[in-house]
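This report takes up the overall fold of one chain, an enclosed space inside it, and two residues chosen for a closer look.

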Amino acid sequence: MDSQSQNTSLQRLQNVEKRIVRVLELAGGVMDEMANPSGPRKELINNHCSEFMQLIKDIQVTLREEIKSACEYRPFEKCDYVPRISNEICCKKLEYVISQFDDMKRTIEGYHAAAVDHMALDY
């Protein structure tokens, strides 16, 4: 992996980090809105949830691409044990992060479905 592709990869991962921060901001915004004494604003919650889900998908795609790229990387054909093990550990860590995002996505979808059902009952 040359220096140019390493920089590009690091930039993509930095963008993922920014998206994760935005995902957390959106989740907090939805929680604040759900706790609003005058009741949640449906349009705001829908917009936040839509942006949340799109960001989760974008994060997953980018992380999967980076995992694939990292696992294919072989700096030295004859002596690659340490980098290979290091890459495999990184891959496992990233797979774990993706699984946590999948769990978060299912939880948010459950809350969203419950909120929609609750709003429908109120009408």
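## Basis for the domains

Domain bounds, as used below, come from an automatic or database domain assignment. The model itself is predicted.

## Overall architecture

The chain contains three helices and zero strands, and, read along the sequence, its pattern is α-α-α. Among contacts between residues at least 6 apart in sequence, 75% join residues at least 24 apart.

Of the 123 residues of the chain, 24% count as buried. The accessible surface of the chain comes to about 8,700 Å², and carbon and sulfur atoms account for 56% of that surface.

## The cavity between the domains

The count comes to one cavity of 30 Å³ or more, and the largest cavity has a volume of about 40 Å³. Its lining is made up of Lys-42, Ile-45, Asn-46, His-112, Ala-115, Val-116 and Met-119. The elements that give two or more residues to this lining are helix H2, spanning 42–72, and helix H3, spanning 81–122, and H3 gives the most, with four residues.

Where does the largest cavity lie with respect to domain 1 and domain 2? Domain 1 (1–73) and domain 2 (79–122) both give residues to the lining, so the largest cavity lies between them. By class, the lining has four nonpolar, two polar and one charged residues.

## Glu-33 in helix H1

Glu-33 is found in helix H1, which covers residues 3–34. Is Glu-33 buried or exposed? Buried means under 20% relative accessible area, and Glu-33, at 6% relative accessibility, therefore counts as buried.

Leaving aside neighbours within four places in sequence, Glu-33 is in contact with Gly-39, Pro-40, Arg-41, Leu-44 and Ile-45. One of these partners, Ile-45, is also among the residues that line the largest cavity.

## Arg-12 in helix H1

Arg-12 likewise lies in helix H1, but at 32% relative accessibility Arg-12 counts as partly exposed, because that class takes in values between the buried limit of 20% and the exposed limit of 50%.

When residues up to four places away in sequence are not counted, Arg-12 touches Thr-62 and Glu-66. Arg-12 and Glu-65 are 53 residues apart in sequence, while their C-alpha atoms are 9.9 Å apart in space.

Methods. Residues numbered from 1 in each chain as written. Predicted model: local features only at pLDDT ≥ 70, side-chain atom pairs only at ≥ 80, totals over all residues. Heavy atoms only, no water. 1 Å grid on protein atoms, 1.4 Å probe; cavity = no way out; pocket = protein on both sides within 12 Å on 5 of 7 lines; lining within 4 Å. Points joined across faces, edges and corners; volume = space filled by probe spheres on them. Nonpolar A, V, L, I, M, F, W, Y, C, P; charged D, E, K, R; others polar. Buried < 20%, exposed > 50% of the residue type's maximum accessible area, 1.4 Å probe, protein only. Contact = heavy atoms within 4.5 Å. Areas by Shrake-Rupley, 256 points an atom, 1.4 Å probe, with all protein chains shown as cover.
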